[in-house]
Each structure stands twice: as C-alpha cells, then as structure tokens.
Amino acid sequence: MQNKGLIRTFAILFALVSIYQLSFTWFAKNVEKDAEIYAESKVSSNDIDELAKIKKHFLDSVANTKILNLGFTDFTYNELKEKEINLGLDLKGGINAILEVSVRDILVGLSNKSKNAVFNEALNLATKAEKDSDKDYLQLFFEAFEQVSKGTEKLSDPSIFGNKSLKDKINFKMSDEEVKPILKEEINGSINTAFEVLRSRIDRFGVTQPNIQRAGTGESGRILIELPGAKDIDRVRKLLQSTAELQFWEVYSNQEMAQFFINSNATLAQILKVDEEDSSTDSISKDKEIDDLLGEVKDSVDTKSANPLFSVLIPNIPQSQNQISSLIASASVSDTATVDKYLAMKEVRNLLPANMKYTKFLWDAKPITDTDRINLYAIKSNRDDIAPIQGDVISDASQVFDQLGANPEVSMSMNTKGSKQWAKMTTANVGKFVAVVLDDYVYSAPRVNDAITHGRTSISGQFTIEEAQDLANALKSGKLPAAARIIQSDVVGPSLGQEAIDSGSISFIIALLLIFAWMIFYYGKAGIFSDIALIFNIVFIFGTLAAFGAVLTLPGIAGIVLTIGMSVDANVLIYERIKEELHKGKGLKESVNDGFSGALSSILDANITTLLTGIILYVFGTGPIKGFATTLMIGIVTSLFSAIFITRLLVDWYINKGHKLTFNTNITKNWFKNIHFDFLKKRKMAFIISGTIIIIGIASLLTNGLNYGVDFTGGRTYTVRFDKAVNAPEIANNLKEAFGSLPEVKTFGNANQLKITTKYKIDDNALTVDDEIQNLLYNGLKSYLPESITYDQFKGADNNLNVGVMQNIKVGPTIADDIKQAAIWAILGSLIVVFLYILMRFRKWQYSLGAVVAVFHDVLIVLSIFSLFYKVLPFDMEIGQSFIAAILTVVGYSLNDTVVIFDRIREFSKKHITWPFYRVVNNALSSTLGRTVNTSLTTLIVLLAIFFFGGDSIKGFMFALIIGVIVGTYSSLFVASPIMYITSIKSDDEKLKQ
C-alpha cells in the first residue's frame, strides 16, 4: 500500500480529533450527573418537578464556571453544551414544529384590509384550492384573481394594492404582471421578518441547541423550529404562535354597557323564540344571580327562553359608583363562542348607540383564578379598527414584580413618540379605563388615576414568572407580520426520550458484540482486525457528528448500526477476495495486495449507490429521518476509510512482523467453497414465486390497503401510557362521543400503552384547539388514569407515575399532502439515480434494467407484506416518513448486493471471453455467494438486535429493513441477474434453456 505513513498519520489525527470532539459530551454529562446527585440529596421524596427545578438551579449556577482546562484554553459548562453531540427530539424530548406564516393575512394587510369583492373572492378560492395543491398560496391567489376578475379588475386598483401604504411601489397604472414580483418581494420580506422575530424569541427562551430555518420555497411561509429538551410545550406553542400585536385602547365601563345588555337580551328572546323547557338547577341558579343583579323579581320562567343572552353571560351591572369597572360581564369559557355569536348578530349590533357603534368585545387573557369563568370588556374601537397606540412604540420590556414584590408583571418603556401618545391618552382618561390588549386578548384594563407622562407602564395579570418573561420576550422581539400556525409538530416527553436512549444504547451494544463475535468466529485473527477497524469507525462517526453539530436521532442510531454492517460488508468483500487469491496459490502478501485492490471497485460501487439514496433521503426527509440520512452518509464515508485503510494497516503490520495470517477458522474454512449452483436454471421458478407474492400483495393493496400514518393522512396521534393494562376497543368507544367519530386506538408496545389517532378539528387553526383536544382526551381517559393525575400532569406525562401523553404528533392536511408527494419523488428519484449510475458504471442498459427491476420488486414485496400483515402483527406498521426511509434504505441495500454481483460478472466477462454468457453469470453468482450470505447474515443480526431491543417506536421501521434485506438478497440472485441475462442474450447458442 502506497503512502502508508501518510495514511497512518491521518488515521491517528482523525481519531484524536474525534476523541477531542467527543470529550465535550463526556464532561457536560458529568456536570449533569453531579446536578442530579445534588438534586436527589436535597429532595427527600421522588418529586419530579422539584428534582427538575433544583437540577436546573444547579446547572444555571455553574453555567459560566470553567469545567474543562486543556492548558491552551478553558471551557465553561455552557460552552461544553454548545459543543456536545446534539440529541434529536426522540432521544432528548422536546418539540419539532413547522410553522406556516399566513400569506393570506399578509396579503390582507398589504391591501389595508380591502373590502373589494373580487379580491376577497380570490382569497377564498386560493384558501380552498390550497388543501389539494402543492403550489404556494401566492401563486394560487394570482390564479384565482385572474379567474375571478376576468380582466375587469387589476391588482394595482386603489381599493386593493394601489393604496397609500404601497404608493411608493405600486400605482394604479401598473399591470398585474408588474405588480406580482412586487408582492412576492413584500411577502418574502414579511416572512423574513417573521423568521427573525421567531429566532429572537427562541434565543431568549433558554433551551440549548435550538434550530430554526426556512422550509420550502421563499413564498411558502414555512419555518422549521426544533427545540430539544423543551418540556413546557404549551409555553413553547404560545411563544411561537403569538403575533405579539400590542395595542392600547380606551374602554367602556360596565355602567355604559348595562342598558345595551338588557336590550340585547330582550331582542334575542324575540329573535330566537326558544320553546320553554323545565329549568335545570343550573338555570335556576343563574336566574337568581340575574334577578339579584337587575333588582327584579321574576316568575319562575326558563332562563334560556326568556333570557338567551343572560343564560350564558352574567353582566356586571353596577349598583353604586364604587362598582363602576372596565369589567362588563363574565361567562363560562365553554360559552364564549355562543356569546361572541350573539353579540355579532346584526340585530344586536344595531342596539348600540351611534357613538358606540364600533364597539369591539374582547375577552380576558386568562380565566378567573380557580374557576372556569372569564371576563369580557368593551373596547372603544373605530371604523379602521386601528388602536390609538400600537406596540411599535415599545422600546424595552422586562419581567418585574409588583410593588408588593409578590406578583410578576411586565414593565414596558416607550420611545419618545409613544411617551407623548401615552401621556395624551392617560390625560384624557383620568377617572376612566384604558386596556392593554395583546393579540386581541385583554391583559389588564385599569382605572387611570393620574396622567402618565414618563413613558413607562406595566401589564399586570395572573402571570406566572415564566409567562411574564415570555410576554416581555415577545414584546421586545417585535410582532409577527401575520399569524403563524403550527401545521406539523412532534412533541416527545423527556421520559420517552430517556427510554429511547436506553433502548437505543442497548440495541447498539448488543449488535456490536454480535458482529464482533461473528467476525472472529468466521475469519479468526483477521476478524479481530476488522473489529478494531470497526471501533475506529464508531469513534470517527460520533466524532464527526459532534464536530459538525449533526443531530443524533433514534433512526440515526439505526443508521450507524447499519453502516457498521456495511463496513463489515467491505471487510467481507476484501477477505473473500484474499481467500480466492490464496486458493489460486499466491503468497500471503501478494494475495492481500490483490484482495484489497480487487475488491475496491465492488466496495466503491456498492457504497456509492447507498450514498446516493442517503442523499435523496436527506433532501426529502425531515426531523428524525434527516438524522437517519445524516448518520448513514457519514457512516458510509468513515466505513470506507476504516475498512479499506485501517484494516489494511493492521493486516500489513501483522504480516510484516512475520506472523502467519489465515482468513478463516477450522470450522468455517470449507464454507462456500467449490459451489457451482445453476442460478439461471431456477429463474422461471423464482419468477413464479415472486410473481405470486406480488399478485397477492397487489390484491391486498387494492382491498386491504395500507395503514397510513398521520404523516400521509393528516391528524393528531397521541402515545398515552397508563398505570395498568387497558382495552383498546373499549377506550375507542369511550372517546367516540368526545371526538364525534371513532378514533383509531391500538396497543403500542406494552399492554399499558396506546396510540390514539384522530382527525377531529385538524383543519381548525385556532390557537386553543390543541389544548381543547387534549382536554377532551383527558376527560375521555380520566376513568382509566390514577385519581391523582391532573390535566397538566397528563398532557406532559410529567408525574412520578410516568403516566399520560408520552408523545403527540400533529400533521395538518396541507403538509400531509406535501409529505406524500415528497415521498413519491424520493422513491422515483432514487430509481432514476440508480439507473443512471449503473448505466454509467457498466455501460450497458441491461445492467441498469436488471437493478431497477430488482429494486422495484423489493419495494413491491415490502409493501405487500405491510398490507397483508399490519392488522395481525403486534407492533406498529404505519406507512409514514420512517417507512419511506426504510424503503430507500432497502433500495440502497438491494443495490449494494446487486452491484457486487454485477461487478463480478463484468470481471468474469473480461477474463473468460471464451465462456458462454450463461456460464459467466452462474459462476459470478456462485463465487460471490459466500460474500452475499455472510453480509446478509451480519446485517440481519444487526437489524434483529435493534428490532428486539431498540424500542417500540422503531419496530416497524426495522421490520421493513429486515424484510428488505431478505428480499434484497434473494432478488440480487434470482431477479436482477436473470433479468440482466435475458435482455443481454444475442446469439442462438445463448437461448434461455442453456
């Protein structure tokens, strides 16, 4: 081997750098272990919340303490955390979300909330079309506008985009084609603003190693956010989706609104004409409250009939001057939608006096403490619904405590312009009320006792410290240009993440030990050198992951183990070639040299095809799947280096010492020797077997279908753990009433864990809908849970019993369609790339056709197996992104096998030019059979170890790979090669029967 010294030096340096990069993870984990020990010493009970709080306090106290001293530099704990291996959400817990900034809202804003009928109809058509299209919303809007306007209206019309706000960019003379690029630029700028605002909020949130990046095209409005380790998911959701539109409004008092409510109640009674029914106890109670409030004595009349408004809303009517307040009424949280509907009715709005006709009714930001009731306010709005003071005047915001030092609040400073406006507003409203409104929720509406001229104010409410900090963060970061909605999310609880780490580690170690044992059993001392090279390979992989900040996920661990199997494959190829050279009578050194050089072409071809599928997977995948692709690609490169160079250095070193080296053991030395099997003769039988399975599979696909996951169908999936075994069908029936339809409920792993999937309100983008659905889930499951589990503990499995929602996934219907299309393109793209690569390498389309037919055959059989058995086998067999990753990996593995055989056929064709092609193919298949079986067996050992010990969430993924390896091995022998042979025959002497 040439440049042996250079390679040795590089290998040593690579190993040292990898160990250096991994050392940061080691020292950071030691600090966290100390924090756990400290927390346990301070808490007598096993209180998870208290332990987490003390641990966090400990880590915060050492955040800037120097932990690692390397002589030339020091590292604090925070710096160690920044350089440690990034764990994905499935290993660490946290939230992965794709937000979509509403392009529709941006267009409405750019048009100054245009009332133009053509414009609004085009918006509605684009919104409807978006659900079934892969085009950006802006493009759909342009198409809809052209369809509706029919040339009679232009985008530059003064009532649409030719307005005052855009007068410097758009004038009414411009054509639609001239306006479109301007709108694209404006929208892209707004999305960039949203991106920066969200990044600023996340940077202040306090999680380590956050990730935020644009997703999709420039006008798609999609932003990917990953927050590993984030535990308070509700807090994260509010932080991400809040537009932070701050407004200061004057408000009407309860005295000013009292007569309006009385009149509205009477008018609604006449309009609704509800039949009288017997009053419930609750109704009588409300009647009494209303009687007391109004000072009236009523007959026993049904409240819902006589008082439709007051049956859902209790007005705060003052009996004296001391009772005058900005709080005009209250209602149960569940009744707020009904109240909003009543107050928005035209007949009710007409009851407002002329000077109050623009009144806007807004609810409090939070219910009254320890109740389900929430307060209502009446805002003095105007024709344009523009607040006298907007949030852009805020120059700074911070969380502080009130004058008593007990309650958290948010202190705000205003700029010069804002200070003047605030002084003017407070001066005009001394003795009256002013409301502080954020995202159309009232946070406080205090009485103004004196004019405030110094430009400072505060927002007080029922805040926790974290809520006050987040509000200050949002105000300081600025408002989003439009609403941002989570269209896809994956939330993993920390305990499930720890379980994934444990199961992943166990499966990794078991797989590694099995490979080590097999290589020594099969190859003897040479197997030991392969094992040493594997250890180097593992260090290289993890060191590279740490150095480049790549994210390690549970599928990523599977990817590493898979690449280890492929590294073994490279060693097997080399050792089998060396054995062939020794069998020819060559000396040991010459055989080693020829073995390494002879196997190189096959090794490169096999690994490059897998690398190409890994690249495709990385381009089209997201989250854990992208993590799988990353480790797969890194592993292929490091595996090649360790198998070709590290193993060679060790083998050469041992031989140069004068030692004798064999590449087998007494047990295995005669395995796969002198095999001459007529593979091509069995091709018809193989075609019949494959055809039968595929026909049965296609029939099943047409009748039984596949078990599509929420990735492809849209919906919400909750993994819920109980403290005892539960019955899935029984729970499904219990939840049917809550969700309006029967949800899909199945056992996931152990009998005390369920996977619950529902499409209930998946099209609803309201900020509160996620919490509403989890509330329904909690109430539906309450009888199966321990009595002590509260709703807050249930939704995050944050309790000592480790019971509740371990993971929840949400995929909106729009992005589900996008994921489905990306999956189709990924598979088609891989087949095209494979065809072209093999065509380029072998210069014959017959080779490409054989490989592609074999891959297509493998994919169909894996799909068939999943269709036939997903209702029978006791583990999850959903078709989602993980399954597509498995399919692409199967494609890569199948190609790996096929390319090695094709490479040998090509070699034999050149070496034995007098042989009939039939003999060339059969001999090539027979000569590589040892390698084929050995590689398949080691890979299966690895996959089975992960399947049995790697955790429930990865079983379906691994099962697809196991089926793929078995079928891929079969197809490389009995499908790819025969197809290539049949299409290559040219002479009468080479007819099919030979």
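Visitor: Which helix gives the most to the nonpolar patch on the surface?
Guide: This is a predicted model. The patch includes Ile615, Tyr618, Trp825 and Leu828, and its residues have about 1,100 Å² of accessible area together. Helix H20 (588-620) and helix H27 (813-842) each supply at least two of its residues. The top giver, with six residues, is H27.

Visitor: Is Tyr618 buried, partly exposed or exposed?
Guide: Tyr618 belongs to the nonpolar patch and is found in helix H20. Buried means under 20% relative accessible area, and exposed means over 50%. Tyr618 has 36%, so it counts as partly exposed.

Visitor: Where in the protein is confidence highest?
Guide: The protein averages a pLDDT of 80, and 89% of the residues score at least 70. Confidence is lowest in helix H11 (residues 281-294), at a mean of 47. Over residues 274-287, pLDDT stays under 50. The highest value, 93, belongs to strand E10 (residues 360-363).

Visitor: Which residues of E10 are buried on the side with Phe361?
Guide: In a regular strand the side chains alternate between the two faces of the sheet. In E10, Lys360 and Leu362 are buried on one side. Buried on the other side are Phe361 and Trp363.

Visitor: Which residue in E11 stands opposite Trp363?
Guide: E10 pairs with strand E11 (residues 373-379) over four bridges. The pairing runs in the antiparallel sense. Opposite Trp363 stands Leu376.

Conventions:
Residues are numbered from 1 along each chain as its sequence is written. Side-chain values use heavy atoms; hydrogens and water are left out. Patches are made of residues with over 30% relative accessible area and no salt bridge: like charges are joined within 9 Å, nonpolar side chains (Val, Leu, Ile, Met, Phe, Trp, Tyr) within 5 Å. Accessible areas come from the Shrake-Rupley method with a 1.4 Å probe; for residues, only the protein chains shown count as cover. A salt bridge is a side-chain nitrogen of Lys or Arg within 4 Å of a carboxyl oxygen of Asp or Glu. Buried means under 20% relative accessible area, exposed over 50%, partly exposed in between (1.4 Å probe, protein chains only). pLDDT is the predictor's confidence in each residue, from 0 to 100. Contact means heavy atoms within 4.5 Å. Two strands pair if DSSP finds at least two bridges between them.
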